[in-house]
Amino acid sequence: MCALVKEFLLIAALTCVGAALSIGTKRAQAPWALPELGPGEILAIDARSLDPIWVDARSEEAFAEAHIADALHMNEATWETGLFDLMDRWLETPRPIIVYCSDAGCSTSKKIAAQLREALPDAEIYTLNGGWASWQP
Amino acid sequence: MAAIKRLPIVALILRLVLAGVFVSAALPKIQDPIAFTDSVIAYRVIDGSLASWVGLALPWLELVCALGLLTPWLRRASGLWIAGLLALFIGLHAVAWARGLDISCGCFGTKEGSETSYGIYIARNFALLVAAVYLIRLDLFRKSPLRKTL
């Protein structure tokens, strides 16, 4: 039994060395270095795997310059038309909705997300932690 | 080497197959841990930093255990780890299937077919699990050479 425990410990130690190598060579991000999440927020790394409906709450110019593929543009000014488009998409295939603005300092995504939670109480709605800046490689 | 020569040929073949499968599963994930973390999150069982820990450590654990299966002084624990991982993967696939998730397996990195075939994943892992259990039974009746070397 003691030898078996030694085997397990050796495997654990080798695994730790390998994981440290991945972090050291910058292939992987250290899990303890991930940013903290506020209420209703989601990390870019988690969002990528959800296949969500993206809502871009930045300015029209910023959206025209670049945006996440298939994102809908929606802010205070385009709320009505944006909401119809979003409902169409969500009713067709219900899936999580993620709202983003430019970076961690902006608050438009939180406002839009709060309004969307009222308009679509059954939908799963998040804001992207770090915004568009966190999506960029 | 002498210890391996004494094993029945079936056990040696099973050992090589299991090790080969786990090495080929581990290497693409080690190359791209972020993509593997995405695959882990897609199962919607864990997320955030816990998923990052799994995405970081699991590929290395698979690699170490695969090589450990071929190493006389690591083969018992490696076999147990591999059997445990296979049972976990079967459970995760069954849950994802029951929940109707249309996701990539993530088993061999991200370069896989786009169709989700849970039945095939589960059957494949079950066959590997049977092989692993056979090897564990074989190895647990042998004394570990680690007792002498450590």
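Here are some worked exercises on a predicted model with two chains, A and B.

**Exercise 1. Find out how much confidence the model carries, and where in chain B the confidence is lowest and highest.**

Step 1. Start with the scores for the whole model: ipTM is 0.80 and pTM is 0.67.

Step 2. Move to chain B, where pLDDT averages 84 and 84% of the residues score at least 70.

Step 3. Now compare the elements of chain B. Helix α7(B), residues 146–149, has the lowest mean pLDDT, 52, while α5(B) has the highest, 94.

**Exercise 2. Describe the make-up of each chain in terms of helices and strands.**

Step 1. Count the elements of chain A: there are six helices and five strands. Reading from the N terminus, they follow the order α-β-α-β-α-β-α-β-α-β-α.

Step 2. Do likewise for chain B, which has seven helices and zero strands.

Step 3. Add burial. In chain A, 32% of the 137 residues are buried; in chain B, buried residues make up 40% of the 150.

Step 4. Look at sequence separation. Taking contacts between residues at least 6 apart, those that join residues at least 24 apart account for 62% in chain A. For chain B, the share of contacts with a separation of 6 or more that comes from residues 24 or more positions apart is 71%.

**Exercise 3. Work out the strand order of the sheet in chain A and explain what is special about β1(A) and β3(A).**

Step 1. Trace the sheet. It is open, has five strands with parallel pairing, and its order is β1-β5-β4-β2-β3.

Step 2. Check the ends of that order. β1(A), residues 41–42, and β3(A), residues 72–73, are at the edges with a single partner strand each, so one side of each has no neighbour in the sheet.

Step 3. Follow the pairings through the sheet. β2(A), residues 53–56, pairs with β3(A) over two bridges, and A:D56 stands opposite A:H73 there. β2(A) is also joined to β4(A), by four bridges, and in that pair A:D56 faces A:Y100. Three bridges then link β4(A) to β5(A), where A:I97 has A:I125 as its bridge partner.

Step 4. Place a helix on the sheet. Helix α5(A), residues 108–119, packs against it and touches β2(A), β4(A) and β5(A); the directions of α5(A) and β5(A) make an angle of about 175 degrees.

**Exercise 4. Decide which residues of β4(A) point one way and which the other.**

Step 1. Recall the pattern: side chains in a regular strand alternate between the two faces of the sheet.

Step 2. Apply the pattern to β4(A): A:I97 and A:V99 point one way, A:I98 and A:Y100 the other way, and all are buried.

**Exercise 5. Identify the largest nonpolar core and say which elements build it.**

Step 1. Begin with its size and its most connected members. This core has 33 residues, and those with the most contacts inside it are B:L18, B:F22, B:C65, B:W81, B:I82 and B:A132.

Step 2. List the contributors. At least two residues each come from α1(A) and from α2(B), α4(B), α5(B) and α6(B). The most come from α4(B), which gives nine.

Step 3. Zoom in on one member. Leaving aside residues up to four places away in sequence, B:L18 touches B:L69, B:I82, B:L128, B:A131 and B:A132.

Step 4. Look beyond this core. Another core lies apart from it, with 24 residues that include A:I53, A:A71, A:I98 and A:Y100.

**Exercise 6. Characterise the side of chain A that touches chain B.**

Step 1. Count the residues in the contact: 22 from chain A and 29 from chain B.

Step 2. Assign the chain A side to elements. α1(A) and α2(A) each supply at least two residues, and α1(A) gives the most, with 12.

Step 3. Sort this side by chemistry: 12 residues are nonpolar, five are polar and five are charged.

**Exercise 7. Determine whether A:D70 is buried or exposed.**

Step 1. Locate A:D70 in the loop between α3(A) and β3(A). Its phi is near 70 degrees, a positive value in a residue other than glycine.

Step 2. Use the cut-off: 12 or fewer other C-beta atoms within 10 Å means exposed. A:D70 has 10 such neighbours, so it counts as exposed.

Methods
Residues are numbered from 1 along each chain as its sequence is written. Chains are lettered from A and ligands numbered from 1 in the order in which they are written. This is a predicted model: local features need pLDDT of at least 70, side-chain atom pairs count only at pLDDT 80 or more; totals for chains, interfaces and linings use all residues. A nonpolar core is a set of buried Ala, Val, Leu, Ile, Met, Phe, Trp, Tyr and Cys residues joined through C-beta atoms within 7 Å. A residue is buried if 20 or more other C-beta atoms lie within 10 Å of its own, exposed if 12 or fewer, and partly exposed in between; C-beta atoms are placed from the backbone. Two residues are in contact if their C-beta atoms, placed from the backbone, lie within 7 Å. Ala, Val, Leu, Ile, Met, Phe, Trp, Tyr, Cys and Pro count as nonpolar, Asp, Glu, Lys and Arg as charged, and the others, Gly among them, as polar. Two strands pair if DSSP finds at least two bridges between them. Axes are lines fitted to C-alpha atoms, for helices over the stretch in contact, and angles run from 0 to 180 degrees between N-to-C directions. pLDDT is the predictor's confidence in each residue, from 0 to 100.
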